[in-house]
Amino acid sequence: MLEVDNLSKRFGGLTAVRDISLSLAEGEILGLIGPNGAGKTTFFNCVAGAMAPSAGRVRIDGRDVTGQKAHKLCRAGIGRTYQIVKPFAGLTVRDNVMVGALNRAESLAEARRFTEEALEITGLAPIGDDLASSLPLPRRKRLEVARALATRPKVLLLDEVMAGLNPSEVDRAIALIRAIRDSGISVLIIEHLMRVIMAVSDRIVVMHHGEKLAEGKPAEVMADPRVVKAYLGEGFNA
Ligand SMILES: Nc1ncnc2c1ncn2[C@@H]1O[C@H](COP(=O)(O)OP(=O)(O)OP(=O)(O)O)[C@@H](O)[C@H]1O
């Protein structure tokens with residue numbers, strides 16, 4: 001589904017991402033973790049077309065999409081959320097999702113269908129006519145996920161969609177991520193909350209100082225002494 005080979009990103013003298021390779025199978029949830037500044041968001045940005053990688057290749061369904069702009073990658077099937085949620089405050093929830101759908105749909109009718117389905121799966125349908133500016137944070141996060149889903153991704157990149165949620169909201173968000181996966185979408189998720197990563201991930205990749213430190217099943221990876229050491233002093237947000 002998604003294959004990344006030897007991706008690197010340099011900012012002047014700083015190598016934020018160094019030689020990262022990973023692959024994501026259909027219907028798989030891959031957790032991407034690492035201490036602050038490890039390079040996770042930069043990696044996402046390179047995969048989703050917000051910035052071009054300095055080296056390496058990104059393929060989706062076998063097609064090379066390296067360095068393509070975000071709107072093209074969106075059509076190729078890569079959808080993403082942003083760490084900072086910025087909906088169009090003056091638009092309704094539904095119209096915000098429609099903006100995502102219009103990136104992908106072939107017609108207005110199709111965009112409407114993509115929008116309604118995204119509102120349904122995220123549980124936002126009952127408040128579709130509310131203004132986005134009126135939403136509390138958990139619903140704004142859901143709106144961000146709905147907007148990305150409305151682009152009909154094959155692979156969805158989620159960047160810290162749980163930050164700022166209380167424990168029961170986190171539980172609901174975990175259920176949403178599983179429902180997204182069950183609908184056939186592969187998910188690559190950056191998340192600081194370890195309980196979320198452990199609950200949803202089929203596999204985990206750990207980044208540290210831009211490099212891949214470990215990869216494997218959640219329990220194996222968390223028992224890896226190199227991973228424990230990388231996190232020492234950072235504290236786990238369990
Ligand atoms: N546009 C940029 N220009 C220069 N340096 C950058 C840029 N974006 C990120 N960096 C640097 O790259 C490194 C990796 O940052 P990145 O945001 O990718 O880490 P992260 O793992 O996502 O961290 P966090 O968990 O805090 O979001 C950091 O040292 C950061 O300062």
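**Exercise 1. In which order do the strands of the open sheet of four strands stand, and with which pairing?**

Solution. The model is a predicted one, in which local features need pLDDT of at least 70 and side-chain atom pairs count only at pLDDT 80 or more, while totals for chains, interfaces and linings use all residues. Residues are numbered from 1 along each chain as its sequence is written.

Step 1. The order is β2-β1-β4-β5, and the pairing is antiparallel. Strands, like helices, are DSSP runs numbered from the N terminus (E, at least two residues, for strands; H or I, at least four residues, for helices), and two strands pair if DSSP finds at least two bridges between them.

Step 2. The edges are taken by β2 and β5 (63-64), each of which has a single partner strand, so one side of each is left without a neighbour in the sheet.

Step 3. Seven bridges connect β1 (residues 2-11) with β2 in the antiparallel sense, and R10 is placed opposite T15 in β2. The hairpin of β1 and β2 has two residues between the strands, and G12 takes a positive phi near 55° there.

**Exercise 2. Describe the sheet of six strands, beginning with its strand order and ending with the helix that lies across it.**

Solution. Step 1. The strands of this open sheet follow the order β6-β7-β8-β3-β9-β10, and their pairing is mixed. At the edges are β6 (78-80) and β10 (211-216), each pairing on one side only. On average, neighbouring strands are turned by 20° against each other, direction ignored; axes are lines fitted to C-alpha atoms, for helices over the stretch in contact, and angles run from 0 to 180 degrees between N-to-C directions.

Step 2. Strands β3 (residues 29-33) and β9 (residues 203-208) run parallel and are joined by four bridges. Along this pair, G31 stands opposite I204 and L32 stands opposite V205. In a regular strand the side chains alternate between the two faces of the sheet.

Step 3. On the other pairing of β9, five bridges link this strand to β10 in the antiparallel sense, with V205 opposite E215. Two residues lie between the strands in the hairpin of β9 and β10, where H209 takes a positive phi near 50°.

Step 4. Helix α1 lies across β3, β6, β7 (155-159), β8 (186-190) and β9, and runs at about 150° to β7.

**Exercise 3. Which residues are around the ligand, and which element gives the largest share of the shell?**

Solution. Step 1. The residues around the ligand are F11, L14, A16, G34, N36, G37, A38, G39, K40, T41 and T42, where a residue is near a molecule if its C-beta atom, placed from the backbone, lies within 6 Å of it.

Step 2. Two or more residues of the shell come from each of β2 (14-24) and α1 (40-48), and α1 gives the largest share, three residues.

Step 3. By class, the shell holds four nonpolar, six polar and one charged residue; Ala, Val, Leu, Ile, Met, Phe, Trp, Tyr, Cys and Pro count as nonpolar, Asp, Glu, Lys and Arg as charged, and the others, Gly among them, as polar.

**Exercise 4. Which members of the largest nonpolar core touch the most other members?**

Solution. Step 1. A nonpolar core is a set of buried Ala, Val, Leu, Ile, Met, Phe, Trp, Tyr and Cys residues joined through C-beta atoms within 7 Å. A residue is buried if 20 or more other C-beta atoms lie within 10 Å of its own, exposed if 12 or fewer, and partly exposed in between, with C-beta atoms placed from the backbone.

Step 2. The largest core has 67 residues, of which V47, A146, L157, V187, I189 and V206 touch the most other members.

Step 3. Neighbours within four places in sequence being left aside, V187 is in contact (C-beta atoms, placed from the backbone, within 7 Å) with I29, L156, L158, I177, I180 and R181.

**Exercise 5. Is T122 buried or exposed, and how does K212 stand?**

Solution. Step 1. T122, in the loop between α4 and α5, is buried, because 25 other C-beta atoms lie within 10 Å. Apart from residues up to four places away in sequence, T122 touches R142, V145, A146, L149 and L176.

Step 2. K212, in strand β10, is partly exposed, with 19 other C-beta atoms within 10 Å. With residues up to four places away in sequence not counted, K212 touches I20, V205 and M207.

Note on methods:
Two residues are in contact if their C-beta atoms, placed from the backbone, lie within 7 Å.
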